[in-house]
Amino acid sequence: MGLREKIKNINQEIFQRIFEVREINLDLENFESFPEFQKQELLFIKDKILGLEAIFNFSRKKRPQPRTETKIENEPDPFCNAHNLTPIDELGRLENESALTAANLSKMADYHSLIIFKKHRFTELTEKDFIEALNLAQEWFEKIKELDPRIFTQILIWNYHYRAAASILHPHFQVLAFKEIPQRLEDWQKRIEDYQEKFRSDYFADYFQVAQELGITKSFPNLKAWLSLTPFKEKTVFFEGNLKNDFWQILEKLIQNGTQSFNLFYLYRTTYLKNFGFFVDRGEINKINSDFGALEIFGLPVVSYDPIELAGLIFS
Ligand SMILES: [Zn+2]
């Protein structure tokens, strides 16, 4: 059963608190030479609570895409010699077996540093390296908070590969600490509080329950992951909990199933929201066109991934 049929077959009470769905079926009679595009089903899903919306059209993955061979394997980079070639930050240099910290050259927060993996290649990283790098990030967050108690928003991001906006390929997290809360997060915080008050229920718990009925979730002891019904772009995973517990397993499955570049966003702490985040697949590294066009920037994302099918691949 596909996504639209599954949505119709689940309990609508909680689903409709959060979501609104609209379908369009197109039969394009003048498309005889392109039979795979002749019948198209568009599914618009709106998350009324967070104000997010996406269009699903599975036929879009059949479109031809421009590609080129990229040879970037052996580029020199300062992160392979980070002790000598990267500046230290306000805390000096924190380090463990798998990672070390450095100041970011060009800041985008009150405090903004890097957690650089000691290994150069993403493919050599293990779950232990990932956990150690997260441990170092946590240590950095705690020490920055001790240094400056006015900090109350802490965010970890991982842009992997140039396609996902990394400027250096060598794997690294960015850790950001703000004295304020970014406007969008503040808005979400308010909307989630209003939801709690109106329905006497937790937004994330309700979303997870809906996703569970659709079969697009995975639960670990300290981490819940589910596929987004209003993705920011292709293959969007929401998660809540501690990334150290089992997120690596999900990442490995995504990589095995075609993910080559990604953005990971993890809200470590604000005044109210904490320990939740998003993972977004940013597409093949050999594709030369951007995955974000005018509709995505100014309107709403359009995606071709099928959450039901993807859950079968990465959550089974
Ligand atoms: Zn390197």
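# A tour starting at Arg 269

Select Arg 269 to begin: it has 16 C-beta neighbours inside 10 Å, so Arg 269 counts as partly exposed. The cut-offs for that label are 20 or more neighbours for buried and 12 or fewer for exposed. Keep in mind throughout that this is a predicted model.

**Around Arg 269**

Arg 269 is part of strand E11. Leaving aside residues up to four places away in sequence, Arg 269 touches Gln 154 and Lys 274. Now add Lys 39 to the selection. Lys 39 and Arg 269 are 230 residues apart in sequence, and their C-alpha atoms are 45 Å apart in space.

**Strand E11 and its partners**

Widen the selection to the whole of E11. How many residues of E11 are buried? Of its 8 residues, 6 are buried, and the strand is mostly covered.

Show strand E6 (153-160) next. E6 and E11 run antiparallel and are joined by 7 bridges. To see one facing pair, pick Trp 158, which stands opposite Leu 264 in E11.

Then show E12, which pairs with E11 in the antiparallel sense over 6 bridges. Here Phe 265 stands opposite Phe 278 in E12. E11 and E12 form a hairpin, with 6 residues between them.

Stop at Asn 275, which lies in the loop between E11 (262-269) and E12. The phi of Asn 275 is near 55°, a positive value in a residue other than glycine. Asn 275 has 15 other C-beta atoms within 10 Å, so Asn 275 is partly exposed.

A second loop is worth a look. Ala 165 lies between strand E6 and strand E7 (172-178). Its phi is near 85°, again positive in a residue other than glycine. Is Ala 165 buried or exposed? Ala 165 counts as exposed, because it has 12 C-beta neighbours inside 10 Å.

**The sheet of 9 strands**

Now select the strands from E4 to E12. These 9 strands form an open sheet in the order E4-E5-E7-E6-E11-E12-E10-E9-E8, with antiparallel pairing. Which strands stand at the edges? They are E4 (99-103) and E8 (217-220); each has a single partner strand, so one side of each is left without a neighbour in the sheet. From one strand to the next, the twist averages 20°.

Add helix H6 (residues 203-214), which packs on the sheet and touches E8, E9 (223-227), E10 (236-241) and E12 (276-281). The direction of H6 makes about 60° with that of E9.

Go to the E4 edge. E4 and E5 (residues 111-117) run antiparallel and are joined by 5 bridges. Thr 101 has Ile 115 in E5 as its bridge partner.

Go to the E8 edge. A hairpin joins E8 to E9 through 2 residues, and the two strands pair in the antiparallel sense over 4 bridges. Ser 219 has Lys 224 in E9 as its bridge partner.

**The nonpolar core**

In soluble globular proteins, nonpolar side chains tend to be buried together. In this model, the largest nonpolar core has 64 residues. Select those with the most contacts inside this core: Ile 115, Ile 116, Ala 133, Ala 137, Val 175 and Ala 211. Helix H4 (residues 127-147) gives the largest share of the core, 8 residues.

Center the view on Ile 116. Not counting residues up to four places away in sequence, Ile 116 touches Phe 79, Ala 82, Ala 99, Leu 100, Ala 102, His 170 and His 172.

**Helix H5**

Select residues 183-199, which make up helix H5. How far should the 17 residues of H5 span? At 1.5 Å a residue, the expected span is 24 Å; the end C-alpha atoms are 24 Å apart, which agrees. Just after H5, Arg 200 takes a positive phi of about 50°.

**The sheet of 4 strands**

Finish with the open sheet of 4 strands, in the order E1-E2-E3-E13, where the pairing is mixed. E1 (19-27) and E13 (302-303) stand at the edges, each with a single partner strand, so one side of each is left without a neighbour in the sheet.

E1 and E2 (residues 39-47) run antiparallel and are joined by 9 bridges. As a last selection, take Phe 19 together with its bridge partner in E2, Asp 47.

Methods: Residues numbered from 1 in each chain as written. Predicted model: local features only at pLDDT ≥ 70, side-chain atom pairs only at ≥ 80, totals over all residues. Expected span 1.5 Å × (residues − 1). Pairing = 2+ DSSP bridges. Axes fitted to C-alpha atoms, helices over the stretch in contact; angles between N-to-C directions. Contact = placed C-beta atoms within 7 Å. Core = buried A, V, L, I, M, F, W, Y, C linked by C-beta atoms within 7 Å.
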